[in-house]
Amino acid sequence: MKNYNITTLNDFITLKQKDFPYAKGELSSLLTHIGTAAKMVNKKINKAGLVDIIGNSGSVNIQGESQQKLDVYADEVFINALLTSGQCCGVATEENQSEIVFTEPFAQKGKYIVCTDPLDGSSNIDYNVSVGSIFSIYRRITPRGEKVRNEDFLQEGSKQVAAGYIIYGSSTMLVYTTGNGVNGFTLDPSIGEFCLSHPEIKTPEDGRIYSVNEGNWVHFPPGIKKYVKYCQEKDAGTLRPYTSRYIGSLVSDFHRNLLKGGIFLYPENETAPKGKLRIVYECNPIAFISEQSGGAASNGCERILSITPSSLHQRSPFYAGSKNMVKKIEEFLSL
Ligand code: P6P
């Protein structure tokens with residue numbers, strides 16, 4: 001008898017809920033709704049180019065970046081799914097200046113807040129380059145039943161209860177952690193389910209890939225210039241010279257390195273003096289995944305998850321991936 005044992009995302013979420021004796025299914029319900037939103041966004045992305053959904057929407061987000069139509073769509077889909085779950089009392093997203101405060105009484109009772117980049121790398125969509133959605137979940141710190149407040153979204157990254165991303169690539173995958181390891185699910189379009197395909201992902205402690213936009217070379221800090229040169233030198237005793245791989249889409253670059261081993265770098269530079277990536281909905285969730293898979297994530301001198309952000313869209317230099325490669329960057333930056 002052929003073994004058809006498929007573990008869907010919802011099966012897995014329910015199964016893993018048993019790891020938390022006090023769990024009442026609230027986080028499970030929230031994660032399930034995120035999975036549904038991911039399927040809806042995936043459906044639209046797969047049609048991009050065939051229907052009038054690519055291109056920019058003519059509006060700009062709070063970053064001053066022109067919003068792609070899919071950015072706006074993804075933002076609306078995730079916000080609506082989080083509201084509908086009844087477990088989330090508010091959302092911080094890349095597309096909105098301030099946090100979205102849910103005013104519906106059922107939502108204000110929600111135990112969790114979510115920070116999300118609903119469609120990261122969206123400038124790549126028109127050229128059919130993989131993009132992703134990123135999410136980060138915290139328990140609220142303000143009393144349930146009240147309106148969520150800004151401080152709920154500015155917690156230290158180590159307080160995350162769950163984090164994950166969806167990568168809309170050659171296949172669509174959802175990768176997430178609740179603090180007990182990292183698991184990956186691949187969408188089977190024929191049954192419309194995310195199915196467990198990458199159980200207990202462990203990232204190699206060393207890798208042969210470095211991912212950085214070398215076009216910013218002139219602006220790199222001296223320690224990063226030295227590290228990139230170090231990656232390119234031949235050294236029989238190590239894996240060097242490394243291979244350079246950079247897609248310009250955080251989720252895609254990080255996901256490849258997570259599975260194969262490698263390091264992603266986004267240093268500060270002249271155009272982005274504090275770095276480009278945002279702590280709350282890019283660095284923290286990716287850092288949580290990285291650490292939970294045995295990797296590391298740093299701003300060059302401290303653990304990303306130890307930072308307490310002071311604003312929703314605060315940026316940071318960001319180095320994430322194989323543990324020994326992150327350590328090496330910190331060494332070069334300390335010289
Ligand atoms: P650059 C996409 O716009 C993004 O936010 C990340 O997905 C990606 O890693 C980075 O910016 C790419 O930035 O400056 O190299 O184009």
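Visitor: Which glycine takes a positive phi in the hairpin of β8 and β9?

Guide: Glycine 179 does, with phi near 95 degrees. Four residues lie between the two strands there. This is a predicted model, where local features need pLDDT of at least 70, side-chain atom pairs count only at pLDDT 80 or more, and totals for chains, interfaces and linings use all residues. Residues are numbered from 1 along each chain as its sequence is written, and side-chain values use heavy atoms, with hydrogens and water left out.

Visitor: What makes strand β8 and β9 a pair?

Guide: Pairing takes at least two DSSP bridges between strands. Five bridges join β8 (residues 172-177) to β9, so they pair. The two run antiparallel. Leucine 174 has phenylalanine 185 of β9 as its bridge partner.

Visitor: How many bridges join β9 to strand β10?

Guide: Five, and these strands also run antiparallel. β10 covers residues 193-198. Aspartate 188 stands opposite glutamate 193 in β10. In the hairpin of β9 and β10, glycine 192 takes a positive phi near 65 degrees.

Visitor: Why is strand β9 called mostly covered?

Guide: Buried means under 20% relative accessible area (1.4 Å probe, protein chains only). Five of the seven residues of β9 (residues 182-188) are buried.

Visitor: How do you know that the length of helix α3 agrees with its number of residues?

Guide: The expected span is 1.5 Å times one less than the number of residues. For the 17 residues of α3 (residues 69-85) that gives 24 Å, and the end C-alpha atoms are 25 Å apart, which agrees.

Visitor: What makes α3 mostly covered?

Guide: Twelve of its 17 residues are buried. Among them are Leu70, Tyr73, Val77, Phe78 and Leu82. Glycine 86 follows α3, with a positive phi near 75 degrees.

Visitor: Which residues surround the ligand?

Guide: Residues with a heavy atom within 4 Å count as near. They include Asp120, Asn213, Tyr246, Leu250, Phe264 and Lys276. By class, the shell has five nonpolar, four polar and three charged residues.

Visitor: What makes the approach of aspartate 120 to the ligand a polar contact?

Guide: A polar contact is a pair of N or O atoms within 3.5 Å. A polar side-chain atom of aspartate 120 lies 2.5 Å from a ligand oxygen, so the pair meets the cut-off. Asparagine 213 places a side-chain N or O atom 2.9 Å from an oxygen atom of the ligand. Leucine 250 uses a backbone N or O atom, at 2.8 Å from a ligand oxygen. The protein covers 81% of the 400 Å² of accessible area that the ligand has on its own.

Note on methods: Buried < 20%, exposed > 50% of the residue type's maximum accessible area, 1.4 Å probe, protein only. Polar contact = N/O pair within 3.5 Å; in protein donor to acceptor, adjacent residues only side chain to side chain. Areas by Shrake-Rupley, 256 points an atom, 1.4 Å probe, with all protein chains shown as cover. Nonpolar A, V, L, I, M, F, W, Y, C, P; charged D, E, K, R; others polar.
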